[in-house]
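Could you walk me through this model, stop by stop, while I have it open in my viewer? Please tell me what to select at each step and what I will find there.

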Amino acid sequence: MDEQTARREIVRVGKLMYERSYVVSSDGNISVRLDDGRVLATPTQTGKGRMTEDMLAVTDLEGKPLNDRRASSELAMHLLIYRERPEVRAVCHAHPPHGSAFAVAGLAIDKPILSEVILTLGCVPLAEYGTPSTDELTEKMRPLVKNHHALLMANHGAVAYGADLWQAFDRLETLEHTAKIAILARVLGGARDLPPESIEKLIDIRERAGYLDERGRCQACGYLHETQVVCATGERDGRATAPPAPSNGAGKINLTREELIELLSQAAGLRAGG
Ligand SMILES: [Zn+2]
């Protein structure tokens, strides 16, 4: 994408983020990696709803300024994503209220409740808290960037990324919409999860359609643990790189379906001699 188009689209997405209340005041930031490797980023301390194209900062992939505008101090989070994901060309970071409520409550968005979300976004893990604009934050995010399209950051907000700016924005929007539906469903008595067989079918479709490749099977959170879908790298089951969720993950045990049936059978005294 050429720089002029990227500038125009960043301003449009900034307005949308503000109008949809994904950010208030000078919150949030947007960036695009240009074809030549330079990064076009929203400026520090500027409302995203009232930016103009000439306000944007330009940096290299290390964050070194290449013009006289100063990028947001949260640019480090964008640069981490560009380094970890060579195909990613745009990043949107915001504090959307429903998604951020999950992040504040210490919850990932990882329940299999909406078929289209399984198809297109996958689950959204929660990175442990790290002080914004410091290495602390990027180090907590690093292990999660590779296999997910979007992340929550504990007690902070959300970030989504994609092959272009509209894909990054769409993913942020899906994240927020999913969080809102999950909260509303809870008010109505609780969401009902899709069964494992349905999840398996959706994962098959999303891989064939190219919405989310096999890396999605290695997602550190959520519903894949309940299915027979195999994670090729073993990362998911090793969970070596995934941080434990701060509140709801305490004491969580992962069992295969067989192990669970075995355990339940034993408990019910249904096994021979049991
Ligand atoms: Zn932020």
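Which element gives the largest share of the lining of the second largest pocket? Select α6 (165-187): this helix supplies 4 residues, the largest share of that lining. Keep in mind as we go that the model is predicted.

**The second largest pocket**

Stay here for a moment. The pocket has a volume of about 430 Å³. Of its 24 lining residues, those closest to the centre are Phe-102, Leu-107, Lys-111, Ala-182 and Arg-186, so show these as sticks. Next, colour α3 (97-105) and α4 (115-120) along with α6, since these are the elements that each give two or more residues to the lining. If you colour the lining by class, you will find 16 nonpolar, 4 polar and 4 charged residues.

Now centre on Lys-111, in the loop between α3 and α4. Draw a distance from its C-alpha atom to that of Ala-182: the two residues are 71 apart along the chain, and the separation is 8.7 Å. Beyond its neighbours within four places in sequence, Lys-111 is in contact with Asp-193 and Tyr-223, so add both to your selection.

**Helix α5**

Move on to residues 135-145, which form α5. Pick out its buried residues: Leu-137, Thr-138, Met-141, Leu-144 and Val-145. Turn the view until you look down the helix axis; the buried residues fall within an arc of 115°, so they line one face of the helix. What do they pack against? Show α2 (75-84), β5 (126-127), β6 (150-153) and β7 (157-162), and you have the partners of these buried residues.

Zoom in on Thr-138, which lies in this helix. Why does a polar-class residue such as this one count as buried? Its relative accessible area is 7%, and the cut-off for buried is under 20%. Leaving aside neighbours within four places in sequence, Thr-138 is in contact with Ala-76, Met-77 and Leu-80.

**Strand β4**

Select Cys-92 in strand β4 (residues 90-94). Is this residue buried or exposed? Cys-92 is buried, with a relative accessible area of 0%. Show its contacts and the list is long enough to take in parts: not counting residues up to four places away, Cys-92 touches, among others, Val-13, Met-17, Asn-29 and Ile-30. Further along the chain, its contacts include Ala-158, Val-159, Ala-160, Leu-165 and Phe-169. Add Ser-31 as well: its C-alpha atom is 6.8 Å from that of Cys-92, although 61 residues separate the two along the chain.

**Two loop residues with positive phi**

Go next to Gln-45, in the loop between β2 (39-41) and β3 (57-59). Its phi is near 50°, a positive value in a residue other than glycine. Gln-45 is exposed, at 69% relative accessible area.

Then jump to Ser-133, in the loop between β5 and α5. Here phi is near 70°, again positive in a residue other than glycine. Ser-133 counts as partly exposed, with 35% relative accessibility.

**Zooming out**

Finish with the whole protein in cartoon view. How many helices and strands are there? You should find 9 helices and 7 strands. Of the 274 residues, 46% count as buried. Among contacts between residues at least 6 apart in sequence, 65% join residues at least 24 apart. Switch on the surface to end the tour: the protein exposes about 13,400 Å², and carbon and sulfur atoms supply 53% of that area.

Key. Residues are numbered from 1 along each chain as its sequence is written. This is a predicted model: local features need pLDDT of at least 70, side-chain atom pairs count only at pLDDT 80 or more; totals for chains, interfaces and linings use all residues. Side-chain values use heavy atoms; hydrogens and water are left out. Buried means under 20% relative accessible area, exposed over 50%, partly exposed in between (1.4 Å probe, protein chains only). The arc is that of the directions from the helix axis to the C-beta atoms. Contact means heavy atoms within 4.5 Å. On a 1 Å grid over the protein atoms alone, a cavity is a set of points where a 1.4 Å probe fits but cannot get out, and a pocket is an open set with protein on both sides within 12 Å along at least five of seven lines; lining residues have an atom within 4 Å of a point. Grid points are joined across faces, edges and corners, and a volume is the space filled by probe spheres set on the points. Ala, Val, Leu, Ile, Met, Phe, Trp, Tyr, Cys and Pro count as nonpolar, Asp, Glu, Lys and Arg as charged, and the others, Gly among them, as polar. Accessible areas come from the Shrake-Rupley method with a 1.4 Å probe; for residues, only the protein chains shown count as cover.
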